[in-house]
Amino acid sequence: MNPSIGTKTALKSLVVPTGPCSWNPHTSGSYQCKIPLDLNSRKFLQLPLNYGGTQARACAKNVFRKYSISAKMAESLTYKDAGVDIDAGSELVRRIAKMAPGIGGFGGLFPLGDSYLVAGTDGVGTKLKLAFETGIHETIGIDLVAMSVNDIVTSGAKPLFFLDYFATSHLDVDLAEKVIKGIVDGCRLADCALLGGETAEMPDFYAEGEYDISGFAVGIVKKDSVIDGKEIVAGDVIIGLPSSGVHSNGFSLVRRVLARSGLSLTDKLPGEAVTVGEALMAPTVIYVNQVLNLISKGGIKGIAHITGGGFTDNIPRVFPKGLGATIYGDSWVVPPLFKWIQKVGNIEDSEMKRTFNMGIGMVLVVSPEAALRILGDDETTAYRIGDVVNGEGVRYS
């Protein structure tokens, strides 16, 4: 209902039900309503109604805008609300596995002599939307490479080469060059070759100035050196390697949070020196060299790339049946960006841990001896974030 707010009477009838009100008999025509400005607090604004017309309309409009924003802030956002159904994705994988047995790992293994070729493919999701809005195109290619090479290194594979796919309605050569340069940079960081790619110009398919990208990585690992999680036992240690931020998952929910916050991408992230756009567009860490170096020293039994599904869905993918994880919430400092996302979106803890990496982009399951070595290495930033336990699933403490 949208009643007219043109007179004191109309305004009085509109606002009286929203909060405690009192009549002042000593002031002619004065009626005071205390309207809550925050649904989660006891702060009220006294609104004197001894004036009408334009003044009343302007004051009431401002008050109800604040009241409406508070109501929205009380709603808890979820990834599914933002349009991404993780359960539906898992169901699709289950159905595909019936037709193509053996899929479901972070990378696909193809036997080749005494080795396996390990392949992975991915995109960067709706992080592209923020690239369009911020004009930051130079690093989105790093994200693209990272999403695939980080997946295949979980098997212990060294990336060999990468191929990309770039699609747009109208080819802007300068823009495409920026994106491809990021892919080249990503391949350099992963120590693999950019072997080729495809550029597709599809008129009327994408909005003006927009594009989509995807990538494919292939690596190799000796059959007797595959990291497959089969040797994991209760009592093994879970090590976390830090992320640079949101990486390339969860951006459909991030964009909902951004819209709710009232901030622009050029505004400073509250309490931080960087803008919201800079924080969100930080390129995904490429873990390849760090992880391969740790593998070479022994004791690494399983590796999980923390992408869509967060800790809750990704860590169990490396465990044998019957085992699970206990994750200690105070074992690393959650970056301010995630705290801001959770606060503005009023997002439940369980939803955060199933959507975002929370500051840990790669998880290693290692022997206790390897854990001591990794954590004692001054050149490696790593955290003991949990332990392997009997009983499936991920528990948080």
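Visitor: What makes His247 count as buried?

Guide: The relative accessibility of His247 is 2%, and the cut-off for buried is under 20%, so His247 counts as buried. Keep in mind that this is a predicted model.

Visitor: Where does His247 lie?

Guide: His247 lies in the loop between S9 and H7. Its phi is near 65°, a positive value in a residue other than glycine.

Visitor: What is there to notice about a positive phi?

Guide: Most residues other than glycine have a negative phi. Besides His247, you can look at Asn346, with a phi near 50°. Asn346 lies in the loop between helix H11 (336-345) and helix H12 (349-355). A glycine can be picked out too: Gly262, just after H7, takes a positive phi of about 80°.

Visitor: Why is Asn346 called partly exposed?

Guide: Asn346 has a relative accessibility of 33%. Buried needs a value under 20% and exposed needs one over 50%. The 33% of Asn346 falls in between, so Asn346 counts as partly exposed.

Visitor: How do you know whether Lys127 is buried or exposed?

Guide: Use that cut-off of under 20% again. Lys127 has a relative accessible area of 0%, so Lys127 is buried. You'll find Lys127 in helix H4.

Visitor: Which residues is Lys127 in contact with, leaving aside its neighbours within four places in sequence?

Guide: Among them are Ile140, Asp143, His247, Ser248, Phe251 and Leu280. So our opening residue, His247, turns up again as a contact of Lys127.

Visitor: What makes H4 oblique to H7?

Guide: The axes of helix H4 (residues 127-134) and H7 come within 8 Å and cross at roughly 50°. Under 35 degrees would be roughly parallel, and 65 to 115 would be roughly perpendicular. The crossing at roughly 50° fits neither range, which makes H4 oblique to H7.

Visitor: Which residues make that contact?

Guide: On H4 they are Lys127, Lys129 and Leu130, and on H7 they are Phe251, Arg255 and Leu258. By kind, they divide into 3 nonpolar, no polar and 3 charged. Phe251 and Leu258 are also among the buried residues of helix H7 (residues 251-261), and so are Val254 and Val257.

Visitor: Which residues touch the most other members of the largest nonpolar core?

Guide: Phe319 and Ile341 do, in a core of 92 residues. Helix H5 (residues 140-152) gives the most to this core, with 7 residues. Leaving aside neighbours within four places in sequence, Ile341 is in contact with Val246, Val254, Val257, Ile347, Met352 and Phe356. Nonpolar side chains tend to be buried together in soluble globular proteins.

Visitor: Now the strands. Why are S10 and S14 said to stand at the edges of their sheet?

Guide: That sheet is open, and its 6 strands come in the order S10-S12-S9-S13-S11-S14, with mixed pairing. Strand S10 (300-305) and strand S14 (393-396) each have a single partner strand, so one side of each is left without a neighbour in the sheet. The twist averages 25° from one strand to the next.

Visitor: How do you know that S10 and S12 pair?

Guide: Pairing takes at least two bridges. S10 and strand S12 (residues 360-366) are joined by 5 bridges, so they pair, and they run antiparallel. One place to look is Ile300, which stands opposite Val366 in S12.

Visitor: What lies across S10?

Guide: Helix H9 (residues 288-296) lies across strand S9 (237-242), S10 and S12, and runs at about 165° to S10. Angles over 145 degrees count as roughly antiparallel, so H9 is roughly antiparallel to S10.

Visitor: What makes Val388 buried?

Guide: Val388, in strand S13 (residues 383-390), has 3% relative accessibility. With the limit at under 20%, Val388 counts as buried. Val388 touches Phe319, Ile238 and Val365, among others. Val388 and Ala234 are 154 residues apart in sequence, yet 4.9 Å apart in space, C-alpha to C-alpha.

Visitor: How many bridges join strand S8 (residues 211-222) to S5?

Guide: 9 bridges join S8 to strand S5 (residues 115-123), and the two run antiparallel. Asp122 stands opposite Gly215 in S8. Strand S6 (residues 158-168) is also antiparallel to S8, through 10 bridges, and there Phe162 has Ala217 as its bridge partner.

Methods. Residues numbered from 1 in each chain as written. Predicted model: local features only at pLDDT ≥ 70, side-chain atom pairs only at ≥ 80, totals over all residues. Heavy atoms only, no water. Buried < 20%, exposed > 50% of the residue type's maximum accessible area, 1.4 Å probe, protein only. Helix = DSSP H or I, 4+ residues; strand = E, 2+ residues; numbered from the N terminus. Core = buried A, V, L, I, M, F, W, Y, C linked by side-chain atoms within 4.5 Å. Contact = heavy atoms within 4.5 Å. Axes fitted to C-alpha atoms, helices over the stretch in contact; angles between N-to-C directions. Nonpolar A, V, L, I, M, F, W, Y, C, P; charged D, E, K, R; others polar.
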